Amino acid sequence: MEPLLTKYVREPNSFTLDFYLQHQGYEGLRKALALKPDEVIEMVKVSGLRGRGGAGFPTGMKWQFVDKKSPNPRYIACNADESEPGTFKDHLLMERNPYLLIEGCAIACYAVGARVAYIYIRGEFLHVQHILEQAIADAYARGFLGKNVLGSGFDCDVFVHRGAGAYEAGEETALIESLEGKRAQPRNKPPFPAVVGLYNCPTAVNNVETLCNVPLILFNGAAWFASLGPEKNGGPKLYCVSGHVKRPGVYEASMQVTLRELIETRAGGARDGRRIKAVIPGGSSVPILLPDQLDTQASFDGVQKAGSLLGSAGLVVLDDTTCMVWLAGNLLHFYRHESCGKCTPCREGTDWLYKILRRIECGEGQMRDLDLLSSISANIGGKTLCAFGDAAVTPVLTGLKHFRHEYEAHIKEGRCPLPADWRARATVGAH
Amino acid sequence: MTFHPRIDYATFHTSQRQLEDEGAPFVYTAEHRARFDEILKRYPPDRKRSAVLPALYLVQRQLGYITANAMRYVAGLLEITAADVEDVVSYYTMFRTKPAGIFVLQVCRTLSCALNGAERVTEELSGKLGIVPGQTDASGTFTLLEAECLGACDRAPVVMVNDAWHECLKPEDASKLIDDLRARGEAALSGCHHVIEHKR
Ligand SMILES: Cc1cc2nc3c(=O)[nH]c(=O)nc-3n(C[C@H](O)[C@H](O)[C@H](O)COP(=O)(O)O)c2cc1C
Ligand code: SF4
Ligand code: FES
């Protein structure tokens, strides 16, 4: 499949409005404005577009759930928080192709009957925010945003809202809390944001890549979009490949592609003289896959069938120099740090897991620690307010499942069994 | 944010806790006040609180960090309590309540960066500056911190310096980066993809 979302990202001027207008820019919005809002939603539904933020929920359906009967205004919140370890695709889209997102926001607003879209961007992306803000200013100046967009009578404002360093702000209800000027801590669901969202008004929260696909659907048609991938997995998809590969980067493909092709062909495969030991296919929150599962189709359904999740399509490749106890410790450091603190099992449990993992890594663990890890994990997973809790225990549980012998070797030998010179990391015990 | 290291059970009462820095009475400069008024227009008039993050960024730009008096000032502007503002300041990692060095270095320590040597980068920077993460060097020039995934894992290891980025920093080049920052300031940084691809 020829790249669609990233077709022009390497062109020096791809982020300018003139360039965008020369390459079908805002044609999707024009087509949308000629339709009724419900027809736009219907088109997105037929296209089969599924959310690219992690859960893979059908976007058309999400828009349909936005409560049209409510007397309150409606909102679009674009999730540009991109903080899932191993994920960096929205970053590229916003930096190199910002108008596609703005056009997507405008179409989404039109479809759900909103006047305002907020793009919630993570605080660390200040350079990206500057590009987006420039693009928004240019769009206003040429009548693609603001009052009476393209003479259609439809008003639309897009604002960028800068976060301030919180992974949890990516969870949709936490994002809404943060937009309202509070701590990024999730709300109870239901009610879902489509009914009670931002300012208690109906709100659709959509990922950046999701919204960037919308202009393509409007321009080329729903059937075309669906035909690009396997059934129920239509459209182009961006894959982020990082870790131990020769050419890490963002690769665009149809979801027919396999994990092997992405890792070995696109990203150049393992480093010289090394072999792949494991792959995390969808950002740090999903179960680890083993090398014999590389022929899995990299679609939402394909990866799920293999026992993991496509999540945010952040593929982290681990070669044979990786210590799996260290890996779990590294990720638990992340989850411990990012827990929003609202639920006790997650807030306290992630800290316990981290400390026990470090103890084992340093050679001070005991066999009973392995049971302790399982039991703490069982008391977090499924027992928390948001999906963060399940995500946080995944590295521990899948590590213990597939690599228990490594945990045991650490405990028996009283040290990390991997050769010291293999480590790209600091001396063990430095923590 | 992490809750654990700071809670000293049984010996510490939150009711006795005081903010680290009261600071001098605070008002925005005219420029920041104008910017604040501009930002406020993005939110519904009865939802001023939504502007708390941008308002705090303006404070931090003006003072370098956020004092108790600045929080009270922001609370007044947004018609919320000072406790509401402190609640937000203490939650988000990008807000500081203590002065920092001229260059705040944040080394990404999450998986993809760590697989490519981020822990060694931190070691090198620590050694060069004579400080551990969390500290500022004696000259007040550099603050060293660790950050979680910065969303550019293909350019690992990634370091954020103030609001700018430096990508693909090998451990062996870390010490030179410090010298370059001293000599040339932020011009020493690679910037983000955007810039890198233009240079190629
Ligand atoms: C802990 C947590 C973090 C999340 N972080 C992000 C994120 O950074 N970006 C994102 O788009 N979605 C993130 N999500 C998923 C969102 O909650 C939500 O499902 C998504 O934004 C919906 O958009 P979509 O339907 O377009 O995928 C996160 C979810 C959880 C539970
Ligand atoms: S599971 Fe963790 S991150 Fe999610 S609401 Fe509970 S404490 Fe917060
Ligand atoms: S792991 Fe460092 S940028 Fe993602």
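The shell around ligand 2 is made up of seven nonpolar, four polar and two charged residues. This picture comes from a predicted model. In total, 13 residues surround ligand 2, and the ligand sits in the largest cavity. Elsewhere, chain B combines eight helices with four strands.

**Ligand 2 and the largest cavity**

- The closest residues to ligand 2 are A:C340, A:C343, A:C346, A:T384 and A:C386.
- The largest cavity, where ligand 2 sits, has a volume of about 70 Å³.
- Its lining includes the stretch A:S339, A:C340, A:G341, A:K342 and A:C343, together with A:C346.
- A:T384, A:L385, A:C386 and A:F388 also line the largest cavity.
- A:E168 and A:P186 complete the lining of this cavity.
- By class, the lining of the largest cavity splits into seven nonpolar, three polar and two charged residues.

**The second largest cavity**

- The structure holds seven cavities of 30 Å³ or more.
- The second largest cavity encloses about 50 Å³ of space.
- It is lined by 13 residues, and those closest to its centre are B:C108, B:S112, B:C113, B:C149 and B:C153.
- Helix α5 (residues 111-115) of chain B gives the most to this lining, with three residues.
- Nine residues of the lining of the second largest cavity are nonpolar and four are polar, with no charged residues.

**Chain B as a whole**

- Along the sequence, the elements of chain B run α-α-α-α-β-α-α-β-β-β-α-α.
- Chain B has 200 residues, and 53% of them count as buried.
- Take the contacts in chain B between residues at least 6 apart in sequence: 65% of them join residues at least 24 apart.

**Helix α3 of chain B**

- Helix α3 of chain B spans residues 68-78 and is mostly covered, with nine of its 11 residues buried.
- In its first part, the buried residues are B:A68, B:N69, B:A70 and B:M71.
- Further along α3(B), B:Y73, B:V74, B:A75, B:L77 and B:L78 are buried as well.
- The cover over these buried residues includes three helices of chain B: α1 (30-40), α2 (52-63) and α4 (82-91).
- B:E79 follows α3(B) and has a positive phi, near 60°.

**Cis peptide bonds**

- In chain A, a cis peptide bond joins A:K189 and A:P190, with omega about -15°.
- A:P190 is in the loop between α8 (172-179) and β4 (203-207) of chain A.
- In chain B, a cis peptide bond joins B:A156 and B:P157, and omega is about -15°.
- B:P157 belongs to the loop between β2 (142-147) and β3 (159-161) of chain B.

**Positive phi in a loop of chain A**

- A:N148 has a positive phi near 55°, although it is not a glycine.
- A:N148 lies in the loop between α7 (126-141) and β3 (157-162) of chain A.
- A:N148 counts as partly exposed because its relative accessibility is 40%.
- A:L150 is another non-glycine residue with a positive phi, about 50°.
- The loop between α7 and β3 of chain A also holds A:L150.
- A:L150 has a relative accessibility of 30%, so it counts as partly exposed.

Technical notes
Residues numbered from 1 in each chain as written. Chains lettered and ligands numbered in written order. Predicted model: local features only at pLDDT ≥ 70, side-chain atom pairs only at ≥ 80, totals over all residues. Heavy atoms only, no water. Near = heavy atom within 4 Å. 1 Å grid on protein atoms, 1.4 Å probe; cavity = no way out; pocket = protein on both sides within 12 Å on 5 of 7 lines; lining within 4 Å. Sits in = over half its atoms within 2 Å of the grid points. Nonpolar A, V, L, I, M, F, W, Y, C, P; charged D, E, K, R; others polar. Points joined across faces, edges and corners; volume = space filled by probe spheres on them. Helix = DSSP H or I, 4+ residues; strand = E, 2+ residues; numbered from the N terminus. Buried < 20%, exposed > 50% of the residue type's maximum accessible area, 1.4 Å probe, protein only. Contact = heavy atoms within 4.5 Å.
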